[in-house]
Amino acid sequence: MLSKFELSFIVFFVFYDRIKTNINKKIFMEYAIVEIGGTQVWVQEGQYFVTNKISTTPGTNISLSRVLLINKNDELHLGYPYLTDQKVTGEIVEHFKGTKLIVYKMKSKKKYRRKKGHRQSMTKVLINKIGA
């Protein structure tokens, strides 16, 4: 019977080649930071994000020109405040309502109670391409 130490030592050497190759591979992340709906959003290709409602039909392609930063092929491009020659393209997937917020107003000892709910209209966007 092998001890835990001996087993872990054997497992380490069996998987050492796999670990070594994964460490030597340099992964280049391609991402951008865009401004949409009054907020700044970190986006990647193939990623979904949710923003305030954009008044177009689902399935429409959109182009986001307010690009603040792009990291592509390990090169960082910053805008002052926006990049002029870069765009991020995406597709509107769906429109939906966000979670319900409850607004409750009360004045003590005056019999004043008001309860109101609010659901924000939201849009889900799929990013297709980052860059020019």
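Okay, let's jump straight in with one contact: the side chain of Thr123 makes a polar contact with the side chain of His95, at 3.0 Å. By polar contact I mean a pair of N or O atoms within 3.5 Å; within protein, one must be able to donate a hydrogen and the other to accept it, and residues adjacent in sequence count only if both atoms are side-chain atoms.

Before I go on, a word on what you're looking at. This is a predicted model, where local features need pLDDT of at least 70 and side-chain atom pairs count only at pLDDT 80 or more, while totals for chains, interfaces and linings use all residues. Residues are numbered from 1 along each chain as its sequence is written, and side-chain values use heavy atoms, with hydrogens and water left out.

Back to Thr123. Its side chain has a polar atom 3.0 Å from the backbone nitrogen of Ile54. Is Thr123 buried or exposed? Thr123 counts as buried because its relative accessibility is 0%. The cut-offs there: buried is under 20% relative accessible area, exposed is over 50%, and partly exposed is in between, using a 1.4 Å probe and protein chains only. Skipping neighbours within four places in sequence, Thr123 is in contact with ten residues you can click through: Phe49, Val50, Thr51, Asn52, Lys53, Ile54, Ile92, Glu94, His95 and Phe96. Contact here means heavy atoms within 4.5 Å.

Thr123 is in strand 10, which covers residues 121–130. So let's zoom out to the strands. The protein has one helix and ten strands, and the helix comes at the N-terminal end of the order, followed by the strands. These elements are DSSP runs numbered from the N terminus: helices are H or I with at least four residues, strands are E with at least two.

Which strands sit with strand 10 in a sheet? The order is 3-10-7-4, an open sheet of four strands with antiparallel pairing. Strand 3 (48–52) and strand 4 are at the edges, each with a single partner strand, so one side of each has no neighbour in the sheet. From one strand to the next, the twist averages 40 degrees; the axes behind that are lines fitted to C-alpha atoms, for helices over the stretch in contact, with angles from 0 to 180 degrees between N-to-C directions. Strand 7 and strand 10 are joined by nine bridges in the antiparallel sense, and one pair to find is Lys97 with Ser121 in strand 10. Two strands pair, by the way, if DSSP finds at least two bridges between them.

Now the other sheet on my list. This open sheet also has four strands and antiparallel pairing, in the order 2-1-5-6. Strand 2 (39–43) and strand 6 are the edges, pairing on one side only, and here the twist averages 15 degrees from one strand to the next. Strand 1 (residues 31–36) runs antiparallel to strand 2, with five bridges between them. Among the pairs, Val34 stands opposite Val41, and Ala32 has Val43 as its bridge partner. Strands 1 and 2 form a hairpin with two residues between them, and Gly37 in the turn has a positive phi of about 65 degrees. On to strand 5: four bridges tie it to strand 1, with Ile33 partnered by Leu69.

Keep an eye on Val34, since we meet it again in the core. The largest nonpolar core has 16 residues, and Val34, Val43, Phe49, Leu64, Val88 and Ile127 touch the most other members. A nonpolar core is a set of buried Ala, Val, Leu, Ile, Met, Phe, Trp, Tyr and Cys residues joined through side-chain atoms within 4.5 Å. Strands 1, 2, 4 (61–64), 5 (67–72), 7 and 10 each supply at least two residues of it.

Last stop, the oddities. Most residues other than glycine have a negative phi, and most peptide bonds are trans. Which residues are joined by a cis peptide bond? Tyr80 and Pro81 are, with omega about 0 degrees, and Pro81 is in the loop between strand 6 (75–78) and strand 7 (88–97). Then look at the loop between strand 8 (101–107) and strand 9 (112–118), where you'll find Lys109. Lys109 isn't a glycine, but has a positive phi of about 65 degrees. Lys111 lies in the loop between strand 8 and strand 9 too, with a positive phi of about 55 degrees. Lys109 is exposed, at 80% relative accessible area, and Lys111 is exposed at 82%.
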